[in-house]
Amino acid sequence: MCTYYISNDNKIFYHHCVIIMWQTEAKRLTTAPKERVWKLWSQVSDWNRWDNEVEKSEIFGTFAVGTKGSLKPVGGPKTSFEIIACQHLSTFTDRSFLPLCSIDFIHTLTETEHGLEVSHKVVMQGAMTWLFSRVIGKNIAHGLPGAVKK
């Protein structure tokens with residue numbers, strides 16, 4: 001979102017932009033069957049096996065829309081999440097909240113002619129995205145390729 005203040009002679013004398021959405025994504029082709037990848041994803045307590053940025057994670061119920069859990073990132077505070085989308089063997093999204101900002105972690109499996117494409121996408125949205133994209137966005141973007149590779 002940008003704000004421009006224009007003088008009477010149509011000159012911009014103040015320009016201010018605020019980032020209200022930020023995203024990053026990593027993709028990889030694999031020969032692993034989608035059932036194997038889905039099993040890794042749906043065993044929330046083992047997320048740290050394939051994502052080096054996760055210290056500990058747990059889920060409070062079944063791996064389905066509406067189920068909540070918690071995640072402790074390496075070097076960060078414990079946070080809550082909720083599964084907001086889940087299509088068996090295809091995709092799931094878990095959402096966490098920071099002050100005035102949501103973070104969606106979107107995991108997708110797509111069959112292609114060259115193999116199974118594994119995608120992890122992270123989308124931040126909200127008034128404080130400008131801050132959190134700078135504070136934790138770099139670490140998230142750095143860690144995604146490794147999580148997709150495992």
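Trainee: What is the volume of the largest pocket?
Mentor: The largest pocket has a volume of about 720 Å³. Keep in mind that this is a predicted model.

Trainee: What makes a residue part of its lining?
Mentor: A lining residue has an atom within 4 Å of a pocket point. By that rule 32 residues line the largest pocket. Closest to its centre are L71, P73, F105, I136 and I140.

Trainee: Which elements give two or more residues to that lining?
Mentor: There are helices and strands on the list. The helices are α2 (47–50), α3 (129–135) and α4 (137–149). The strands are β5 (68–73), β6 (79–87), β7 (91–98), β8 (101–112) and β9 (115–125). With five residues, α4 gives the most.

Trainee: How do the lining residues of the largest pocket divide by class?
Mentor: Twenty are nonpolar, that is 20 in the count, with eight polar and four charged.

Trainee: What lines the second largest pocket?
Mentor: Its volume is about 220 Å³. It has 15 lining residues, and V37, L40, V148, K149 and K150 lie nearest the centre. Here α1 gives the most, with four residues. At least two residues each come from β3 (21–30), α1 (34–42), β9 and α4. By class, nine are nonpolar, two polar and four charged.

Trainee: Now the rings. Why is the pair of W38 and F63 called edge-to-face?
Mentor: Take two steps. Ring centres must lie within 6.5 Å to make a pair, and these are 5.7 Å apart. Planes over 60 degrees apart count as edge-to-face, and the angle here is 80 degrees. So W38 and F63 are a pair, and an edge-to-face one.

Trainee: What makes this a link between distant parts of the chain?
Mentor: W38 sits in helix α1, and F63 in the loop between β4 (54–59) and β5. They are 25 residues apart. Both W38 and F63 are buried, so each has under 20% relative accessible area.

Trainee: How many aromatic pairs does the rule give?
Mentor: The count comes to eight. One aromatic cluster is formed by W38, W41, W47, W50, F63, F81 and F92.

Trainee: What makes a set of residues a nonpolar core?
Mentor: Its members are buried, and their side-chain atoms join them within 4.5 Å. The largest such core here has 27 residues. W41, W47, F63, L109 and M124 touch the most other members. Elements supplying at least two residues each are β3, α1, α2, β6, β8, β9 and α4. Nonpolar side chains tend to be buried together in soluble globular proteins.

Trainee: What does M124 touch?
Mentor: Leave out residues up to four places away in sequence. Then its contacts include I20, M21, W22, F132, I136 and I140.

Trainee: How do you know that L100 is exposed?
Mentor: Exposed means over 50% relative accessible area. L100 has 60%, so it is exposed. L100 lies in the loop between β7 and β8.

Trainee: What makes the phi of L100 stand out?
Mentor: Most residues other than glycine have a negative phi. L100 is not glycine, yet its phi is positive, near 55 degrees. L89, in the loop between β6 and β7, also goes against that trend, with a positive phi of about 65 degrees.

Trainee: Why is K121 called partly exposed?
Mentor: Partly exposed lies between the limits of 20% and 50%. K121 has 25% relative accessibility, so it falls in between. K121 belongs to strand β9. Beyond its neighbours within four places, it contacts Q23, T24, E25, D104, F105 and I106.

Trainee: Why does N52 count as exposed?
Mentor: Its relative accessibility is 52%, and the cut-off is over 50%. So N52 passes. N52 is in the loop between α2 and β4. Apart from residues up to four places away in sequence, it touches V74 and K150. Its C-alpha is 8.9 Å from that of P73, although the two are 21 residues apart in sequence.

Trainee: And the whole chain: what pattern does it follow?
Mentor: The chain has four helices and nine strands. Along the sequence they run β-β-β-α-α-β-β-β-β-β-β-α-α. Of its 150 residues, 33% count as buried.

How values were computed
Residues numbered from 1 in each chain as written. Predicted model: local features only at pLDDT ≥ 70, side-chain atom pairs only at ≥ 80, totals over all residues. Heavy atoms only, no water. 1 Å grid on protein atoms, 1.4 Å probe; cavity = no way out; pocket = protein on both sides within 12 Å on 5 of 7 lines; lining within 4 Å. Points joined across faces, edges and corners; volume = space filled by probe spheres on them. Nonpolar A, V, L, I, M, F, W, Y, C, P; charged D, E, K, R; others polar. Phe/Tyr/Trp six-rings, centres within 6.5 Å; stacked < 30°, edge-to-face > 60°. Buried < 20%, exposed > 50% of the residue type's maximum accessible area, 1.4 Å probe, protein only. Contact = heavy atoms within 4.5 Å.
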